[in-house]
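Subject: Structure handover

Hello,

I am passing on the structure we spoke about. Please have a look at it before reading my notes.

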Amino acid sequence: ERMFIDFVDHDFCTALIENHFKILKIYAVSILHELGMSKKIKFLKNQVVFNHSAFRDYYLIRNRIYYARKHKKAVSLFHNVLATLWRAALILTFESDRPQKFKAILKGIKDGYSMNVYE
């Protein structure tokens with residue numbers, strides 16, 4: 001309920017695993033999932049730059065941090081913070097609208113850490 005757009009599926013699956021449910025993957029089923037105006041780049045290794053709006057980047061950053069804090073026994077907060085910083089670096093290096101996205105990223109980090117985590 002507190003999450004919007006990004007990491008909702010991760011949150012749901014992690015909650016299932018934490019409650020001893022199993023997740024089955026069915027390879028014969030697929031869904032077309034458009035990820036903005038993405039492009040592949042070579043920056044230390046192959047990367048994808050999504051070119052989402054600042055609105056979307058805010059939720060991506062906020063929810064990743066919130067998710068890691070909420071499921072601290074199941075996922076690594078350290079790993080997620082590094083992934084957040086890496087994603088922010090890619091956004092601010094290779095995407096347009098950098099000033100708006102920079103503000104959205106900072107707000108996402110702040111809000112991700114200040115949100116009340118309930119179990």
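The notes below go from the overall picture to single residues.

**Overall picture**

This is a predicted model. The mean pLDDT of the protein is 88, and 97% of its residues reach 70 or more. Confidence is not even along the chain: β1 has the lowest mean, 83, while helix α4 (residues 98–114) has the highest, 95. As a general caution, where pLDDT is low, the predicted coordinates should not be read in detail.

The protein contains four helices and two strands. Their order along the sequence is α-β-β-α-α-α. Taken along the principal axes, the C-alpha atoms fill a box of roughly 40 × 40 × 25 Å. Of the 119 residues, 34% are buried. The exposed surface comes to about 8600 Å², and 62% of it is supplied by carbon and sulfur atoms. Among contacts with a separation of 6 or more, 69% are between residues 24 or more positions apart.

**The hairpin**

The two strands are β1 (residues 39–43) and β2 (residues 45–49), and they pair in the antiparallel sense over five bridges. Within this pairing, Lys40 stands opposite Val48 in β2. The hairpin has one residue between the strands, and Leu44 there takes a positive phi near 65 degrees.

**Two other positive phi values**

Most residues other than glycine have a negative phi. Besides the hairpin, two more residues are worth a note on this point. Asn51, which is not a glycine, has a positive phi of about 55 degrees. Asn51 sits in the loop between β2 and α2 (54–70). With a relative accessibility of 22%, Asn51 counts as partly exposed, because the buried class ends at 20%. Asp97 is also a residue other than glycine with a positive phi, near 55 degrees. The loop that holds Asp97 runs between α3 and α4.

**The nonpolar cores**

Which residues form the largest nonpolar core? There are eight: Met3, Phe7, Leu60, Tyr66, Tyr67, Ala68, Val75 and Met115. A second, separate core has five residues, including Ile61, Ile65, Ala88 and Ile91. In general, nonpolar side chains tend to be buried together in soluble globular proteins.

Phe7, a member of the largest core, touches Leu60, Asn63, Arg64 and Tyr67, leaving out residues up to four places away in sequence. Two of these partners, Leu60 and Tyr67, are listed in that core as well.

**Asp6**

Asp6 is found in the segment before α1 (8–18). Is this residue buried or exposed? Asp6 has a relative accessible area of 11%, which means that it counts as buried, the limit being under 20%. The side chain of Asp6 makes a polar contact with the side chain of Arg56, at 2.8 Å. Not counting residues up to four places away in sequence, Asp6 touches Arg56, Tyr59, Leu60 and Asn63. Leu60 and Asn63 are also among the residues touched by Phe7.

**Thr14**

Thr14 has its place in helix α1. Its relative accessible area is 9%, so Thr14 is buried. Which residues does Thr14 contact, leaving aside its neighbours within four places in sequence? They are Tyr67, His71 and Ala74. Tyr67 is one of the residues of the largest nonpolar core.

**Two residues of helix α3**

Helix α3 covers residues 77–94, and Thr93 lies in it. Ala88 is found in helix α3 too. Ala88 is buried, with a relative accessible area of 8%, whereas Thr93, at 41%, is partly exposed. Ala88 is also one of the residues in the second core.

For each of these two, a distance to a residue far back in the sequence is available. Ala88 and Ala15 are 73 residues apart in sequence, and their C-alpha atoms are 26 Å apart in space. Thr93 and Asn19 are 74 residues apart along the chain, and their C-alpha atoms are separated by 40 Å.

**Where to start**

For a first look, I suggest the contact between the side chains of Asp6 and Arg56, then the eight residues of the largest core, then the hairpin of β1 and β2 with Leu44.

Regards

Terms used. Residues numbered from 1 in each chain as written. Predicted model: local features only at pLDDT ≥ 70, side-chain atom pairs only at ≥ 80, totals over all residues. Heavy atoms only, no water. Pairing = 2+ DSSP bridges. Buried < 20%, exposed > 50% of the residue type's maximum accessible area, 1.4 Å probe, protein only. Polar contact = N/O pair within 3.5 Å; in protein donor to acceptor, adjacent residues only side chain to side chain. Contact = heavy atoms within 4.5 Å. Core = buried A, V, L, I, M, F, W, Y, C linked by side-chain atoms within 4.5 Å. Areas by Shrake-Rupley, 256 points an atom, 1.4 Å probe, with all protein chains shown as cover. pLDDT = per-residue confidence, 0-100.
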